[in-house]
Amino acid sequence: MSAHDQMRAMLDQLMGTGRNGENNKFHVKYNDPKVCKSFLLSCCPHEILSSTRMDLGECPKIHDLALRADFENAQKSKDHFYDLDAMEHLQAFISDCDRRTEAAKQRLAETQEELSAEVAVKANSVHELQEQIGQKLAKAEQLGAEGFVDESMKLMEEVDDLRKKKLEAEQEYRNSMPASSYQQQKLRVCEVCSAYLGIHDNDRRLADHFGGKLHLGFIKIREKLMDLEKTADKRKDERKKAFKDKDRDDEGFSGRRYREHYVGGRELDRRSRRHRSKSRERRDNRDKERKDRDKDRERRRSRSKSRDRSRRSHRSGSSDKKRDRERE
């Protein structure tokens, strides 16, 4: 993005679509059903998790910073209750992610060597200390980059203490099982983002994970969902009263409340399967049309050859008759 485009985006974000009197590039208003309500509240998973291992691709609904500015200005004079739409979107997304996490745990249980109850407790102790080290190390690096040196140094002291505890826990874990089994990589699924963490991962690997965009993005989404759920019942009552005797057409209502449909998780899988099915159908139709065209061409060639043979036969017969007349 050029400097001019960056400046334009900043002005759109601050002043909305009408900063120069022109309409926005999508020619829609912020309350159009095609606009992503989660994006207007800065919590759309498609945006937060972009360029990560779990990139969901482009959101099927419109994202535009100018529309977000319009919404924020309009929200000051009228409550639109878009937080409830965003909550439903995030609930569907997080429930699907939790389902994937449980499936990953099940796969590990089926593929990894089962540990005894005593050894499993010691392994979990090592994993928990690892996670604390990774989280604090990532936080310390962030604080140091932001200029909070004292706070960063304090966290590094806590990291050193945790490292000592981790060495003791690893020693107990190593002594409780055969050396050959200890060398095997014991994995654990991250409860936040469903990534795999190994018991032999070093501090750098853990810090990269807990300070990475994917893990922090899931934390942001989960925290936003928790905040929205805290006030959900109250907000639903307020919305019911606000829309009780009003025409709902301008907010996307027609008889019943308009429900958002986002792509992600199972819906993304269903659309992908449907897309593959349609692609196969189009491919089969193209093959069929190509075969039909080939048959038509073959029939035309055959008819053309038959006509040529008939003409040659006719010419040959005429020539024979002419020669016979000349002999006579």
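Is Arg-301 buried, partly exposed or exposed? With a relative accessibility of 44%, Arg-301 counts as partly exposed, because that value falls between the 20% limit for buried and the 50% limit for exposed. Keep in mind as you explore that this is a predicted model. The protein has 328 residues, of which 34% count as buried. Below is a friendly tour, topic by topic.

**How confident is the prediction?**

- The average pLDDT of the protein is 79, and 73% of the residues reach a score of at least 70.
- Residues 253–259 are a stretch to treat with care, since pLDDT stays under 50 there.
- For residues 253–259 the model has 12 contacts beyond four places in sequence.
- Where pLDDT is low, the predicted coordinates should not be read in detail.

**The overall layout**

- The protein contains 12 helices and two strands.
- Following the sequence, you meet these elements in the order α-α-α-α-α-α-α-α-β-β-α-α-α-α.
- Take the contacts between residues at least 6 apart in sequence: 74% of them join residues at least 24 apart.

**Helices that pack together**

- Helix α5 (residues 82–111) packs against helix α10 (residues 213–230), with an angle of about 130° and axes 9 Å apart.
- That angle makes α5 oblique to α10, because it lies outside the ranges for roughly parallel, roughly perpendicular and roughly antiparallel.
- On the α5 side, the residues making this contact include Ala-86, Met-87, Leu-90, Phe-93 and Ile-94.
- On the α10 side, Phe-218, Ile-221, Leu-225 and Leu-228 are among them.
- The crossing of α5 and α10 is left-handed.
- Helix α6 (residues 117–145) and α7 form another pair, their axes coming within 9 Å and crossing at roughly 165°.
- The helices α6 and α7 are therefore roughly antiparallel to each other, because their angle is over 145 degrees.
- The crossing of α6 and α7 is left-handed too.

**Salt bridges**

- Side chains of opposite charge can pair when their charged atoms come close.
- The count of salt bridges in this model comes to 23.
- One of them joins the side chains of Lys-166 and Asp-203, at 3.8 Å from N to O.
- This pair links distant parts of the chain: Lys-166 belongs to helix α7 (residues 149–175) and Asp-203 to helix α9 (residues 203–210), 37 residues apart.
- Lys-166 is buried, with a relative accessible area of 9%, and Asp-203 is buried as well, at 17%.
- Lys-166 and Asp-203 also belong to a network of salt bridges that includes Asp-160, Arg-163 and Glu-170.
- In helix α12 (residues 266–327), Asp-296 and Arg-299 are three residues apart, which means that about one helical turn separates them.
- Asp-296 and Arg-299 form a salt bridge, their closest N and O atoms being 2.2 Å apart.
- Asp-296 is partly exposed at 30% relative accessible area, and Arg-299 is partly exposed at 43%.
- Arg-301, the residue from the opening question, meets Glu-298 in a salt bridge at 3.2 Å, N to O.
- Arg-301 and Glu-298 are three residues apart in helix α12, so about one helical turn lies between them.
- Glu-298 counts as partly exposed, at 47% relative accessibility.

**Two buried residues to find**

- Phe-39 sits in helix α2 (residues 37–40).
- Phe-39 is buried, because its relative accessible area is 3% and the limit for buried is under 20%.
- Beyond its neighbours within four places in sequence, Phe-39 is in contact with Cys-44, Glu-47, His-63, Asp-64, Leu-65 and Arg-68.
- Phe-39 and Arg-68 are 29 residues apart along the chain, and their C-alpha atoms are separated by 7.6 Å.
- Val-189 lies in strand β1 (residues 187–189) and counts as buried at 4% relative accessibility.
- Outside its neighbours within four places in sequence, the contacts of Val-189 include Thr-101, Ala-104, Lys-105 and Leu-108.
- Further contacts of Val-189 include Ser-194, Ala-195 and Tyr-196.
- Along the chain, Val-189 and Glu-102 are 87 residues apart, while 8.8 Å separates their C-alpha atoms.

Conventions: Residues numbered from 1 in each chain as written. Predicted model: local features only at pLDDT ≥ 70, side-chain atom pairs only at ≥ 80, totals over all residues. Heavy atoms only, no water. pLDDT = per-residue confidence, 0-100. Contact = heavy atoms within 4.5 Å. Helix = DSSP H or I, 4+ residues; strand = E, 2+ residues; numbered from the N terminus. Buried < 20%, exposed > 50% of the residue type's maximum accessible area, 1.4 Å probe, protein only. Salt bridge = Lys/Arg side-chain N within 4 Å of Asp/Glu carboxyl O. Axes fitted to C-alpha atoms, helices over the stretch in contact; angles between N-to-C directions. Parallel < 35°, antiparallel > 145°, perpendicular 65-115°, else oblique. Left-handed = near helix turned anticlockwise from the far one by under 90°.
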